[in-house]
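Me: Got a minute to look at something with me? I'd like to talk through how the two chains meet.

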There are 4 protein chains.
Amino acid sequence: MNVQLTSAEKKQAIFESTLRLISDYGFHGTPISQIAQHAGVATGTIYHYFASKDELIVELFRYSKQKIQDATFRDHDASAEYHNRFVTTWINLVKYYVQYPQVLSFFEQFYSSPYVKEIFTDETVCFQDEISLFLKEGIRDGYIKQLDINIISAAFLGTVIATAKRGTSQYFKFSEEDLENMVGIIWDGIKK
Amino acid sequence: MNVQLTSAEKKQAIFESTLRLISDYGFHGTPISQIAQHAGVATGTIYHYFASKDELIVELFRYSKQKIQDATFRDHDASAEYHNRFVTTWINLVKYYVQYPQVLSFFEQFYSSPYVKEIFTDETVCFQDEISLFLKEGIRDGYIKQLDINIISAAFLGTVIATAKRGTSQYFKFSEEDLENMVGIIWDGIKK
Amino acid sequence: MNVQLTSAEKKQAIFESTLRLISDYGFHGTPISQIAQHAGVATGTIYHYFASKDELIVELFRYSKQKIQDATFRDHDASAEYHNRFVTTWINLVKYYVQYPQVLSFFEQFYSSPYVKEIFTDETVCFQDEISLFLKEGIRDGYIKQLDINIISAAFLGTVIATAKRGTSQYFKFSEEDLENMVGIIWDGIKK
Amino acid sequence: MNVQLTSAEKKQAIFESTLRLISDYGFHGTPISQIAQHAGVATGTIYHYFASKDELIVELFRYSKQKIQDATFRDHDASAEYHNRFVTTWINLVKYYVQYPQVLSFFEQFYSSPYVKEIFTDETVCFQDEISLFLKEGIRDGYIKQLDINIISAAFLGTVIATAKRGTSQYFKFSEEDLENMVGIIWDGIKK
DNA sequence: CATGAATGAGGATTCATTCAT
DNA sequence: GATGAATGAATCCTCATTCAT
């Protein structure tokens with residue numbers, strides 16, 4: 001039996017229960033004790049893996065960010081046509097959030113909280129994620145308008161988030177066609 | 001000079017103090033005692049105006065929502081051309097959030113928190129705000145695509161928020177031209 | 001119109017609502033604000049009549065004590081036969097408490113609270129109430145056993161209270177006969 | 001010597017500290033913080049053992065009730081003559097209260113407070129304690145009058161309480177003979 | 001006299017964190 | 001490593017009391 005694996009599994013169990021609980025009850029509403037209980041470990045154990053609740057949350061952010069990136073670009077074919085890659089990426093991202101609404105909810109909370117400051121301490125780290133790089137590529141190669149990455153990124157991510165949020169509401173479900181319409185709007189808007 | 005504040009003024013002072021502090025330190029990070037101190041009243045006084053911290057926050061949401069709506073549609077001329085009204089409304093909203101970043105920050109926190117459930121208890125109340133009505137009007141009158149209000153609204157508000165967020169970052173300032181480019185993207189995307 | 005009367009009436013209204021509320025919710029559970037509301041006056045008004053909540057309660061005790069005494073001895077004929085007077089007094093007292101259970105409840109709370117110390121500061125004031133005097137008379141005149149007033153009084157009042165308490169329970173109602181049986185027990189026990 | 005207290009011992013320490021303080025200062029007058037300090041634990045620790053102050057008080061009631069019952073019936077010989085058992089039980093109970101006046105004081109406060117409702121929710125649980133059963137036995141077997149248990153119990157307990165209260169006053173001490181006189185009164189009153 | 005808004009000390013409760021086992 | 005009892009600082013909220021009107 002591999003103890004290393006067990007340790008990683010335990011860490012993941014802590015991540016998953018944190019994600020679910022924070023998504024349901026908010027940062028404030030989820031005590032460490034409850035996270036521990038849900039994850040099937042003792043409170044003290046969490047402090048073996050994370051120095052503090054804050055660190056747990058920041059680590060969870062990094063963990064989730066990575067998982068999203070992996071999922072969004074899993075089948076990404078860098079040699080394919082840019083427009084197709086754009087559509088696929090946008091839809092993948094929306095679908096991921098719709099499938100894992102806790103992640104969307106956690107991200108939204110995270111970005112609107114004082115925690116962000118711990119992550120984005122200076123500009124250098126911004127826009128280095130795969131999505132920003134993909135969008136920069138589109139600008140550079142002339143597929144999309146020569147606008148600031150801030151504008152393009154706002155159009156791309158703003159609509160992803162807004163769409164995914166509505167897609168997880170209990171009152172409305174987007175069809176595949178809706179999504180294609182939606183990404184069509186964006187593409188029409190930012191394509192060169 | 002009248003040092004004696006009316007009841008409404010005191011309530012507003014509490015609102016403003018709450019807004020600023022929550023925007024800086026989050027729901028969790030701003031104790032009632034601090035809100036009171038900043039507003040220049042005693043802790044107990046807050047409980048004359050609001051039954052609980054939760055109620056204060058929910059009321060602050062309504063108050064801010066109203067102020068935004070007033071500001072966005074202040075000079076709205078319903079008889080003007082739809083495209084112009086669209087551009088003006090989108091830009092007004094972005095500018096409001098950029099001018100009052102605490103409101104944006106508070107809204108983002110509010111929408112990602114368990115509080116929303118207290119406000120949006122059923123579907124009937126959704127999409128009845130002035131912005132949604134304005135967008136519905138555009139769909140009905142054939143100025144914008146015949147898509148679900150969820151889609152149109154996501155495109156409109158998602159980009160407003162995403163743009164305003166970037167506009168309040170310390171590293172980037174949108175010019176008037178940037179904003180017009182941005183709203184151009186959306187309009188190109190959703191116009192009929 | 002007589003303002004003096006209005007003042008007295010207001011004081012009585014405060015007493016009555018205090019009595020009812022304390023009986024229902026306890027000393028702890030009834031804030032001055034609630035007493036004021038029930039009595040139809042402002043909180044501040046209560047402080048015109050009573051220096052503090054404590055004083056209000058101690059005054060209410062004296063007021064209720066007086067009312068009980070008046071009711072119990074209203075038709076008392078000091079020239080009647082002792083045994084009959086004993087039976088009548090015991091039954092009157094029980095009936096009073098059963099009719100005004102708030103008074104019983106308030107008294108019980110009062111006697112078990114630190115307030116008593118404010119009333120019975122030394123022995124001199126004890127056993128000077130009419131009931132004690134009536135019992136002492138019985139001992140002196142040889143109708144009841146030559147025991148300490150503490151014993152006789154315990155037998156008399158202990159059974160009154162215990163009987164009245166059971167009589168106000170929702171599950172049991174004493175008949176006139178029950179009461180006569182009960183006082184018979186006491187009389188049989190303490191008569192000479 | 002074992003400085004480490006077991007869970008049960010710590011709970012008992014909290015009980016004893018609560019009993020003493022409530023008896024001296026009343027429910028209202030004894031903050032959790034003081035209970036904790038007297039018991040030699042941290043405030044938070046109390047909340048490991050009891051969900052709330054209310055629960056602590058209700059649990060303390062049960063704990064004390066059990067202790068009293070154990071003490072009163074410790075040497076009870078069910079095969080002895082009924083009259084003797086009656087005298088012994090009555091006197092044991094008075095002596096217990098006189099020895100542990102905090103228990104008497106706590107009970108009196110408890111019974112006159114809104115807490116009772118949490119304990120006695122329906123009639124079925126009443127009169128099932130050992131004392132009531134003992135009195136019912138006396139009625140059934142013809143040693144005492146065929147009166148309702150409410151009446152008999154009122155006569156028994158009412159006099160116990162009233163006697164014990166006077167016995168704990170600083171101004172009067174019952175002698176063994178006084179107690180025998182007192183129980184003689186009751187017995188004479190309720191015996192068949 | 002009467003009012004009730006304002007005060008702020010005090011109290012119940014929570015929860016991140018520690019540490020002896 | 002893992003546990004979870006213990007800690008106590010921090011927070012929300014209550015309410016007796018005051019005082020300007």
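Me: Which residue of chain A does Lys145(B) form a salt bridge with?
Reply: Asp188(A) is the partner, and the closest N and O atoms of the pair are 3.8 Å apart. Keep in mind that this is a predicted model.

Me: OK. How many salt bridges does the rule find across the interface of chain B and chain A?
Reply: Two, counting across the interface of chain B and chain A.

Me: And how many residue pairs are in polar contact between chain B and chain A?
Reply: Six, with both residues at pLDDT 80 or more.

Me: Which helices of chain B supply at least two residues each to the side that touches chain A?
Reply: That would be α1 (7-29), α6 (101-111), α9 (149-168) and α10 (176-190) of chain B. The largest share is from α9(B), with 11 residues.

Me: What's the mix by class on that side of chain B?
Reply: You get 16 nonpolar, 12 polar and 10 charged residues where chain B touches chain A.

Me: How much area do chain B and chain A bury between them?
Reply: About 3000 Å², with 65% of it on carbon and sulfur atoms. As for residues, chain B puts 38 into the contact and chain A puts in 38.

Me: Switching topic: what does UniProt list for residues 31-50 of chain A?
Reply: The UniProt entry, an unreviewed one, has "DNA-binding region" for that stretch of chain A.

Me: Helix or strand, over residues 31-50 of chain A?
Reply: The chain is 75% helix and 0% strand there, and the end C-alpha atoms of the stretch lie 14 Å apart.

Definitions and conventions. Residues numbered from 1 in each chain as written. Chains lettered and ligands numbered in written order. Predicted model: local features only at pLDDT ≥ 70, side-chain atom pairs only at ≥ 80, totals over all residues. Heavy atoms only, no water. Contact = heavy atoms within 4.5 Å. Buried area = accessible area lost by both parts, 1.4 Å probe. Salt bridge = Lys/Arg side-chain N within 4 Å of Asp/Glu carboxyl O. Polar contact = N/O pair within 3.5 Å; in protein donor to acceptor, adjacent residues only side chain to side chain. Helix = DSSP H or I, 4+ residues; strand = E, 2+ residues; numbered from the N terminus. Nonpolar A, V, L, I, M, F, W, Y, C, P; charged D, E, K, R; others polar. UniProt positions renumbered as here; feature names shortened; annotations may be inferred.
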